[in-house]
Each structure stands twice: as C-alpha cells, then as structure tokens.
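Q: I'm new to this structure. Could you show me how to read a few of its features?

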Amino acid sequence: MRTRAAVAGGVVLILVAVIAIWLVVRQVGDRLQLPALSQKCTVQADGRVALDADQMANAATIAAIGAKRGMPERAVVVALATAYQESGLRNLADGDRDSVGLFQQRPSQGWGTPAQIRDPRYAANRFYAALKKVRGWEKMRVTDAAQRVQRSAFPEAYQKWADDSEVLSRALMGDATGAVACTVGRTPVMHGAAAAAQLTRNLALDWGLQGLDPTDPTGLAVTPGDQRDGWRYAHWLVSHAQDHGVKRVRFGDLEWTARDGTWDRVTGQQSPAGQVVAEVFNEG
C-alpha cells in the first residue's frame, strides 16, 4: 500500500509540474528563449548538415580563412573535418593536456599562446600553413592529410567527418545557392550601430575585403567579384547572424530573414547593383 501511495503521489507531482510549465509557457511563451531549438542552422548542398549557431559561425570562419589564403576547396574540407573531430567545431577553452581551441592545438608544441590559439582566425591560419607544408596532401584521404598535421593518437578518426565537411565546404565556398539557413533567437547578441560595425569588421577580416564602410548603422553592402563570391559572403553573413545581430541578408532575388530562418525569392526585387546586402537588428 505504501508503494502504491508513493507512486500515486509521484504521478500527482509530475502532473502538477506539467500543468505549471504549461501555464508559464502560455503566459510568457512569446518571450521565452529556447537556445537549443531557436538557434539552429541547416546546410544543404548535395547533402544535408545541421549545426548550432556557434558551430556554424566557426565553420564559416574556417572556410573564409582558407579562401583568403588561396587554398583549394579540398583544404577547407580537411580543415573542417579536423575541427569537427578535435572540438566539434567549438572554440574550446581546454582539452587533452594543454590543447585548446577549434583544432585543439597545443602551446607546448609551438602552435602559439593559449590566447592566440583561441582566436579562430589565428588557429585556422596556423592549420592551413601546416597543411600546405605536407607534400602531396592534395591527393591524400582527408584523414591522412589531417593526421599529418595533427599527429593524433586516432589517425582514422577524421575520415568520418569527410562527407559533412564536403557539404559545408560546397556551401561556404559559394558552390551552392541559398544553402545556409539559420534560425536566430529573438534577442540578438548585438544590434544597431555596434552590430553593423562589428559585422563589417569581421567580414573584412575573415575574407580580406577592403573598402567596406563600417559607419552604416543599419548594416552593410558588399559588391562581389562574381556569383560565387556573392554566395560566399551571403552564407558567411547568415552563419554569423546570431552572434552579429543580422536580421536580413539579400543577394540577387533571394532573401534570408531571421524571422523565417529561410531563403525565399523576392518577386520583382533584387539586391542593388548585384550587391550582397545585410541588415542588422535596430537598437532597443
């Protein structure tokens, strides 16, 4: 009897908790932030990959640094697969022994200071520089090329990320149209003039662009050299939407919005003069 009473009491408590949660959601549901559900990115480019906002931003920066260095797309695939395996595409503060960052590079092995390695641009640059020194890496399997740089105790581990990394690379290097779609939380990390300035600065740093105007408080506009460059920048902007307060990105007759989290055709309208245009959330 005591056991039955305890079970019944537990059921009642669970029902009360469920009802309480339902009432809270009903009252403040529009204001609730659900990061695990509201900050997801989907990449579709002859395959499909799902990442969260942090992973997507890191992947976009890794790809941009590779392109900026003039590395072939295969190098970006190797770099992304390496970061997938080493950190889950997260900029980790620690790891095995003294390893830190996206690629779990070790200060004691000459990769740089912990602060340097925690800078995704620095870490990606160091990885590509090391990869470039590997003779014949272009013809190696992804895992073999990565292993020649990383010297991991698990040399075959990188290969399982090769397919996903190829999908990401095709999208982030501009080989696919409207391929990166992210949903963004209702409260952006940044907004207004500060968001626009930071967005402009980081786009220029990642891609090596010159002449961008950092003073437009509403966002930015960049003129790509061709269609492929346009989608590189557009996908980078969407990838960094959550951490830079991006509300809208338009290229050609396609537009991504934070509200919908998807690319949609804008009938009868195109971005001005072939530009990639980004708008940030307003102040307040």
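A: Sure, let's start with a word you'll need: buried means under 20% relative accessible area, exposed means over 50%, and partly exposed lies in between (1.4 Å probe, protein chains only). Tyr233 is buried, at a relative accessible area of 7%, and Trp207 is buried too, at 10%. Keep in mind that this is a predicted model: local features need pLDDT of at least 70, side-chain atom pairs count only at pLDDT 80 or more, and totals for chains, interfaces and linings use all residues. Residues are numbered from 1 along each chain as its sequence is written, and side-chain values use heavy atoms, with hydrogens and water left out.

Q: What kind of aromatic pair do Trp207 and Tyr233 form?

A: Rings of Phe, Tyr and Trp (its six-membered ring) pair if their centres lie within 6.5 Å; planes under 30 degrees apart count as stacked, over 60 as edge-to-face, and the rest as tilted. Trp207 and Tyr233 are edge-to-face, with 5.5 Å centre to centre and 75° between the planes.

Q: How many aromatic pairs does the structure hold?

A: Six. Among them, Phe103 and Phe127 have ring centres 4.9 Å apart and planes at 10°, so that pair is stacked. Both Phe103 and Phe127 are buried. Ring pairs also link Phe103, Phe127 and Tyr128 into a cluster.

Q: Which residues does a disulfide join?

A: A disulfide is a pair of cysteine sulfur atoms within 2.5 Å. Here Cys41 is joined to Cys182, S to S 2.1 Å. The torsion about their S-S bond is about 110°, so this disulfide is right-handed. Cys41 and Cys182 are both buried.
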